[in-house]
Amino acid sequence: MDGRQRLSGMAMRSYFSGESYAFSQNSGIYSVNVVLAQMANRTAVRNSSEAQNEFLAALDLFKEGPKIKGHDDARCFRLPGSTDEDLDMMLCSAHVGDVLVSVTAYGARPLDTKGVAMLLRTQLDRIAEPGEAV
């Protein structure tokens, strides 16, 4: 069996969130990068997502992030709240069928983790039911 993970397609989307008041208060500002990688092998997709999640869970640097409703295999990790840094970060990995979904969000502390989780959930729902997105 060939151990390579053959890509069938790839897409990246970037989002920026920030209300006009946020710039003066240094809050509510964040960017999100979503990478979709379609692979020929569904097992490779699942294994890639699980490996990334296991790696992040094993690091002492991150804590568990929010759950993604309806997507039990999706996991998010974020920086601990006890840091003095002004920048916050969250990393998420999930899979739907033959598509691996990776999300990286950066923003002013405190990061809107619920907003990022909602964006990921919406993306995963659209992949699962592509005809539903109009």
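Contact here means heavy atoms within 4.5 Å. All views show a predicted model.

**View 1. Surroundings of Leu120.** Outside the residues up to four places away in sequence, Leu120 touches Ile68, Cys76, Cys92, Val101 and Val103. Leu120 is also listed among the residues with the most contacts inside the largest nonpolar core, along with Val32, Ile68, Val101, Val103, Val116 and Leu124.

**View 2. The nonpolar cores.** The largest nonpolar core comprises 21 residues. At least two of its residues come from each of β2 (30–39), β5 (87–96), β6 (99–108) and α3 (113–128). Helix α3 provides five residues, the largest share of this core. A second core, separate from it, has six residues, including Leu56, Phe77, Met89 and Leu91.

**View 3. The six-stranded sheet and helix α2.** The strands form an open sheet in the order β1-β2-β6-β5-β4-β3, and their pairing is antiparallel. Strands β1 (7–17) and β3 (63–64) are the edges, each pairing on one side only. Nine bridges join β2 and β6, again in the antiparallel sense. Ser31 has Tyr106 of β6 as its bridge partner. Helix α2, residues 42–58, packs on the sheet and touches β2, β4 (75–78), β5 and β6. The direction of α2 makes about 150° with that of β5.

**View 4. The disulfide of Cys76 and Cys92.** The structure contains one disulfide. Its sulfur atoms, from Cys76 and Cys92, are 2.1 Å apart. The link is right-handed, with 110° about the S-S bond. Cys76 belongs to strand β4 and Cys92 to strand β5; the two residues are 16 residues apart, and the pair links distant parts of the chain. Both Cys76 and Cys92 are buried. Each of these cysteines is also touched by Leu120, the residue shown in View 1.

**View 5. Ser93 in strand β5.** Ser93 is part of strand β5. Ser93 counts as buried because its relative accessibility is 0%, and the cut-off for buried is under 20%. The side chain of Ser93 makes a polar contact with the side chain of Ser49, at 3.1 Å. Neighbours within four places in sequence aside, Ser93 is in contact with Ser49, Gln52, Asn53, Asp73, Ala74, Arg75, Leu100 and Val101. Of these, Val101 is also touched by Leu120.

Notes: Residues numbered from 1 in each chain as written. Predicted model: local features only at pLDDT ≥ 70, side-chain atom pairs only at ≥ 80, totals over all residues. Heavy atoms only, no water. Core = buried A, V, L, I, M, F, W, Y, C linked by side-chain atoms within 4.5 Å. Buried < 20%, exposed > 50% of the residue type's maximum accessible area, 1.4 Å probe, protein only. Helix = DSSP H or I, 4+ residues; strand = E, 2+ residues; numbered from the N terminus. Polar contact = N/O pair within 3.5 Å; in protein donor to acceptor, adjacent residues only side chain to side chain. Pairing = 2+ DSSP bridges. Axes fitted to C-alpha atoms, helices over the stretch in contact; angles between N-to-C directions. Disulfide = S-S within 2.5 Å.
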